Amino acid sequence: MEILKTQNVSKTFGTEENPVKALCDVSLSINKSEMLAIIGPSGCGKSTLLHVLGGIEAPTTGIVSILGEDLYQMNDSKMTTFRRNNIGMIYQFFNLLPVLSVEENIVLPLLLAKKKPAFPLDELLKDMGLDERKTFLPSQLSGGQQQRVAIGRALISKPAILLADEPTGNLDSKTGEDIVALLIKANQEYHQTLIIVTHDERVANHCSRIIRMEDGRIVSQEGGQ
Ligand SMILES: Nc1ncnc2c1ncn2[C@@H]1O[C@H](COP(=O)(O)OP(=O)(O)OP(=O)(O)O)[C@@H](O)[C@H]1O
Ligand SMILES: [Mg+2]
């Protein structure tokens, strides 16, 4: 079953005199429970694609539909609710709130959505190796610990779609493997659809499809349908 689709999505940043084409004509169909990797050189548009899929950055042209709904035709409040209910985003640069503690950052999406956690918070903190840091502020954490908070925040509500931008990019190999195991569990046990931008072979090796981008375009695909 198709869960996510883009049709001829393009995104241009910058000004009319100085346009930066970040995405060109990206058409993609992703099935429920797929685990898909996006790879490609720096600046090729991977983060932009993830933001467009996650309802954060409207495309300049083209259509993004999720669960049969045209994402960018929704009004703001519908979009916000839809995102909270269906999409978990792990940002490349974490986007943690600096004044909130580790545990507050993780549960914030639940408070906003007035939802119960899909996992006990203490269990998730332990899985993330953050149980001894739960009252710390982001500024008191290492880069890898901040990354794990960002991952915990996306996992806690068990969203149908997880969009992860280099989720193991700042982690040592042991912690990276623990996080890879959690992502695989999300996919195999909970049937969450995972779209992961990654340079990490351990992650890509578990993906059923690998999409390669260059200069804003999809240039090849391995595996999948
Ligand atoms: N908000 C923005 N304003 C202007 N240009 C942008 C903006 N965001 C991205 N770009 C440009 O769009 C292109 C794609 O950027 P993007 O962040 O998607 O690349 P990426 O593949 O994620 O790179 P990396 O691997 O380094 O994270 C780049 O040329 C970048 O400079
Ligand atoms: Mg990026």
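Start with the shell around ligand 1: by class, it holds four nonpolar, seven polar and one charged residues. This is a predicted model. The shell is made up of Phe 13, Gly 14, Val 20, Ala 22, Ser 42, Gly 43, Cys 44, Gly 45, Lys 46, Ser 47, Thr 48 and Gln 92. Three elements each give two or more of these residues: strand E1 (2-14), strand E2 (19-31) and helix H1 (46-53). Which of them gives the most? H1 does, with three residues.

Stay with H1 for a moment. This helix is mostly covered, with seven of its eight residues buried. Those buried residues are Lys 46, Thr 48, Leu 49, Leu 50, His 51, Val 52 and Leu 53. After H1 comes Gly 55, which has a positive phi, near 80°.

Now step back to the whole chain. The protein chain has seven helices and ten strands. Its C-alpha atoms fill a box of roughly 50 × 40 × 40 Å along the principal axes. A compact globule of 225 residues would have a radius of gyration near 17 Å, and the protein chain agrees, because its own value is 17 Å. Buried residues account for 39% of the 225. Contacts also reach far along the sequence. Of those between residues at least 6 apart, 69% join residues at least 24 apart.

What lies inside? In soluble globular proteins, nonpolar side chains tend to be buried together. Here the largest nonpolar core has 55 residues. Leu 163, Leu 194 and Ile 195 touch the most other members of that core. Take Ile 195 and set aside its neighbours within four places in sequence. Ile 195 is then in contact with Ile 30, Leu 36, Ile 38, Leu 50, Leu 53 and Leu 163. Two of these names should be familiar: Leu 50 and Leu 53 are among the buried residues of H1.

Next, the sheets. Four strands form an open sheet in the order E2-E1-E4-E5, and their pairing is antiparallel. E2 and strand E5 (69-70) stand at the edges with a single partner strand each, so one side of each has no neighbour in the sheet. E1 and E2 are joined in the antiparallel sense by nine bridges. Within E1, Glu 2 is one residue to look for, standing opposite Asn 31 in E2.

Another residue of strand E1 is Lys 5. Is Lys 5 buried or partly exposed? Lys 5 has 19 C-beta neighbours inside 10 Å, and a buried residue needs 20 or more. Lys 5 therefore counts as partly exposed. Leaving out neighbours within four places in sequence, Lys 5 is in contact with Leu 28, Ser 29 and Ser 65. Folding also brings Lys 5 to Val 64: their C-alpha atoms are separated by 5.8 Å, yet the two are 59 residues apart along the chain.

Finally, look at strand E6 (residues 87-90). In a regular strand the side chains alternate between the two faces of the sheet. Both faces of E6 are covered. Ile 87 and Met 89 are buried on one side, and Gly 88 and Ile 90 are buried on the other. E6 runs parallel to strand E7 (residues 161-165), and four bridges join the two. Met 89 has Leu 163 in E7 as its bridge partner. That brings us back to the core, where Leu 163 is one of the residues that touch the most other members.

Notes. Residues numbered from 1 in each chain as written. Chains lettered and ligands numbered in written order. Predicted model: local features only at pLDDT ≥ 70, side-chain atom pairs only at ≥ 80, totals over all residues. Rg over C-alpha atoms; globule rule 2.2 N^0.38 Å. Buried ≥ 20, exposed ≤ 12 C-beta atoms within 10 Å, placed from the backbone. Contact = placed C-beta atoms within 7 Å. Near = placed C-beta within 6 Å. Nonpolar A, V, L, I, M, F, W, Y, C, P; charged D, E, K, R; others polar. Core = buried A, V, L, I, M, F, W, Y, C linked by C-beta atoms within 7 Å. Pairing = 2+ DSSP bridges.
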